[in-house]
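Please open the structure in your viewer and keep the sequence beside it. The tour below moves from one selection to the next.

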Amino acid sequence: VQLQASGGGLVQAGGSLRLSCTASGRTFTGYATGWFRQAPGKEREAVAVIAWSGGSIYYADSVKGRFTISRDNAKNTVYLQMNSLKPEDTAVYYCAANQYYRVSANEYDYWGQGTQVTVSS
């Protein structure tokens with residue numbers, strides 16, 4: 001599975017961005033997908049995870065109520081809608097896929113290249 005993340009950029013605090021993660025290559029069917037982020041000097045952390053069916057969703061406490069993860073399996077694409085962005089959301093955002101619904105980054109097998117999100121105050 002190859003993953004392509006896009007949609008990052010520079011936005012002012014309070015603004016919005018939508019990230020997209022599109023899969024290609026071997027079948028994506030059945031895979032859970034997560035968005036993770038890593039800020040300079042910090043460990044990679046899970047932001048949001050969605051099961052293939054969409055029936056199970058995880059959000060980090062820091063983004064609950066502001067971010068929404070969704071997926072369009074017909075398009076092999078997972079989205080992360082980010083609203084009310086804060087400077088502390090600044091990081092490189094990665095999408096990742098795994099056969100099982102997991103929250104830990106260490107358990108993910110396939111990773112996209114990352115997209116930079118910068119939120120100015």
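A residue is called buried here when its relative accessible area is under 20%, a cut-off that will be needed shortly. Keep in mind throughout that this is a predicted model.

Begin with the whole protein chain, shown as a cartoon, where you will find zero helices and eleven strands, so that the pattern read along the sequence is β-β-β-β-β-β-β-β-β-β-β. The radius of gyration of the protein chain is 13 Å, close to the 14 Å that the globule rule gives for 121 residues, and the chain is therefore as compact as a globular protein of that length. If you reduce the display to C-alpha atoms, they fill a box of roughly 40 × 30 × 25 Å along the principal axes.

Next, select Cys21 and Cys95 and show their side chains: a disulfide joins them, with an S to S distance of 2.2 Å. The link between Cys21 and Cys95 is right-handed, with 70° about the S-S bond. Because Cys21 lies in strand β3 (residues 17–24) and Cys95 in strand β9 (residues 91–98), the pair ties together parts that are 74 residues apart in sequence.

Are these two cysteines buried or exposed? Cys21 has a relative accessible area of 0%, which means that it is buried, and Cys95 is buried with a relative accessible area of 0% as well.

Finally, switch on the surface of the protein chain, which exposes about 6000 Å², with carbon and sulfur atoms supplying 45% of it. Of the 121 residues in the protein chain, 44% are buried.

Technical notes: Residues are numbered from 1 along each chain as its sequence is written. This is a predicted model: local features need pLDDT of at least 70, side-chain atom pairs count only at pLDDT 80 or more; totals for chains, interfaces and linings use all residues. Side-chain values use heavy atoms; hydrogens and water are left out. A disulfide is a pair of cysteine sulfur atoms within 2.5 Å. Helices (H or I, at least four residues) and strands (E, at least two) are DSSP runs, numbered from the N terminus. Buried means under 20% relative accessible area, exposed over 50%, partly exposed in between (1.4 Å probe, protein chains only). The radius of gyration is taken over C-alpha atoms; the globule rule is 2.2 Å times the number of residues to the power 0.38. Accessible areas come from the Shrake-Rupley method with a 1.4 Å probe; for residues, only the protein chains shown count as cover.
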